[in-house]
Amino acid sequence: MLVKRAFYYLLGFTVICGSIMGFFVYYAAFKPNVKFKSEGFSLYIYPHDTKDSVFLKLDTMLLDPCSFIRLTKVLQIDYWKSGKYQLTRGMDNFAILKKLRNGNQTPINLTFNNAKDINELCGILGKQLMHDSTVLVEKWTNDKFLKDQQLRTENILCRFIPNTYQVYWNISPEKLYRKLSDEHEAFWLKNDRKAKAAQKNLSIDDVYILASIVEKETNVEDEKALIAGVYLNRLRSGMKLQADPTVVFSLRRDNVYRVLLEHLKIDSPFNTYLYEGLPPGPIYMPSISTIDSVLESPTNGYLFFCAKPGYEGRHVFAETLRAHSINATAYRRWLDKEKIK
């Protein structure tokens, strides 16, 4: 009888202890555990992160970091997937663990523009993604990749349309390129852009390259189509483009404020004072509005344009060399007066 009673006491004690333990496990798993912050917390997990390094990152985000650690031990969870995860107020430990184990990432808005070449573009992307710029450069400029894509280092920038795209933070360079390449194709099909390029006897890469020159020529939106028209007229007539921004690009310097005669002699395929036609690639990443300005440029009779005296950044246009010479002289005198070298 005593043995039977002791058995029931032991059983009851075990049930009570189990219930208490179950309660604490349940409480640790499902109680809200993320600190309040209006925009939430962004948790970045790298492939090389250890459990301890992830716990350290979570320490500033959770109300009770120890309860999260205890739950991982109870559930015997010792790994999670790399990525960027958004933690918001009200999330419990179980929801956090489920998100990390399943790789339920929050996409990021990947934005890029204002890049002069593929190296600078990769630098911009590397600051927003898990992979740094060196990994992207190596993947996108190696000979095999360029050959497979039928590209060259000089013109690969043509495949990137400046915009904001939703991607995962840890996206691979290969997947990122495929996504941006698909976006590139969709961009040129939209609004009949590819057809408009063909109507001007230009390939889509030609349009991008010409737009890159226009982009560096002016910041004045209502002048872009006119300047594009000038260059199109020169291309049709067999004239050299003689675009100063291509000379500056050939110099590979950022502090050139005035193109001099000595600069025009630099031997580079990008120097349109020496070589006919468009350069072998873009000299800058043009904005979408500039690309459209090239596609929408109306027919005009201008063959020349020159910066207008003053700090407005505008230009004056001419149909004849004589009129252009008068405009250019006026601008040089203004530069000398302002002591701009």
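**View 1. Glutamate 215 and lysine 224 in a buried salt-bridge network of the predicted model.** Both glutamate 215 and lysine 224 are buried, in a structure that is a predicted model. The side chains of glutamate 215 and lysine 224 meet in a salt bridge, with an N to O distance of 4.0 Å. This pair belongs to a network of salt bridges that links Glu215, Glu221 and Lys224. Across the structure, 15 salt bridges are present.

**View 2. Packing of helix H11 against helices H10 and H13.** Helix H10, which spans residues 204-217, packs against helix H11, residues 221-237, at an angle of about 130°, and their axes lie 10 Å apart. An angle of this size makes H10 oblique to H11, and the crossing of the two helices is right-handed. H11 also packs with helix H13 (residues 288-295), here at an angle of about 50° and with the axes 8 Å apart. H11 and H13 are therefore likewise oblique to each other, and H11 passes H13 in a crossing that is right-handed.

**View 3. Arginine 234 in helix H11 and its separation from phenylalanine 304.** Arginine 234 is located in helix H11 and counts as buried, its relative accessibility being 5%. Although arginine 234 and phenylalanine 304 are 70 residues apart along the chain, their C-alpha atoms are separated by 8.9 Å.

**View 4. Salt bridges made by arginine 193 and lysine 196 of helix H9.** In one salt bridge, the side chains of arginine 193 and aspartate 292 meet at 2.8 Å, N to O; arginine 193 lies in helix H9 (residues 193-199) and aspartate 292 in helix H13, so that the pair links distant parts of the chain, 99 residues apart. Arginine 193 is buried, with a relative accessible area of 6%, whereas aspartate 292 is partly exposed at 24%. In another salt bridge, lysine 196 pairs with glutamate 296, and the closest N and O atoms are 2.5 Å apart. Because lysine 196 lies in helix H9 and glutamate 296 in the loop between H13 and strand E5 (304-307), this pair ties together parts that are 100 residues apart in sequence. Lysine 196 is partly exposed, with a relative accessible area of 23%, and glutamate 296 also counts as partly exposed, at 49% relative accessibility.

**View 5. A nonpolar surface patch that includes phenylalanine 94.** Val74, Leu75 and Phe94 make a nonpolar patch of about 260 Å² on the surface. Of these residues, phenylalanine 94 has its place in helix H4, residues 93-102, and is partly exposed, with a relative accessible area of 37%.

Definitions and conventions: Residues numbered from 1 in each chain as written. Predicted model: local features only at pLDDT ≥ 70, side-chain atom pairs only at ≥ 80, totals over all residues. Heavy atoms only, no water. Patch = residues over 30% accessible without salt bridge, like charges linked within 9 Å, V, L, I, M, F, W, Y side chains within 5 Å. Areas by Shrake-Rupley, 256 points an atom, 1.4 Å probe, with all protein chains shown as cover. Helix = DSSP H or I, 4+ residues; strand = E, 2+ residues; numbered from the N terminus. Buried < 20%, exposed > 50% of the residue type's maximum accessible area, 1.4 Å probe, protein only. Axes fitted to C-alpha atoms, helices over the stretch in contact; angles between N-to-C directions. Parallel < 35°, antiparallel > 145°, perpendicular 65-115°, else oblique. Left-handed = near helix turned anticlockwise from the far one by under 90°.
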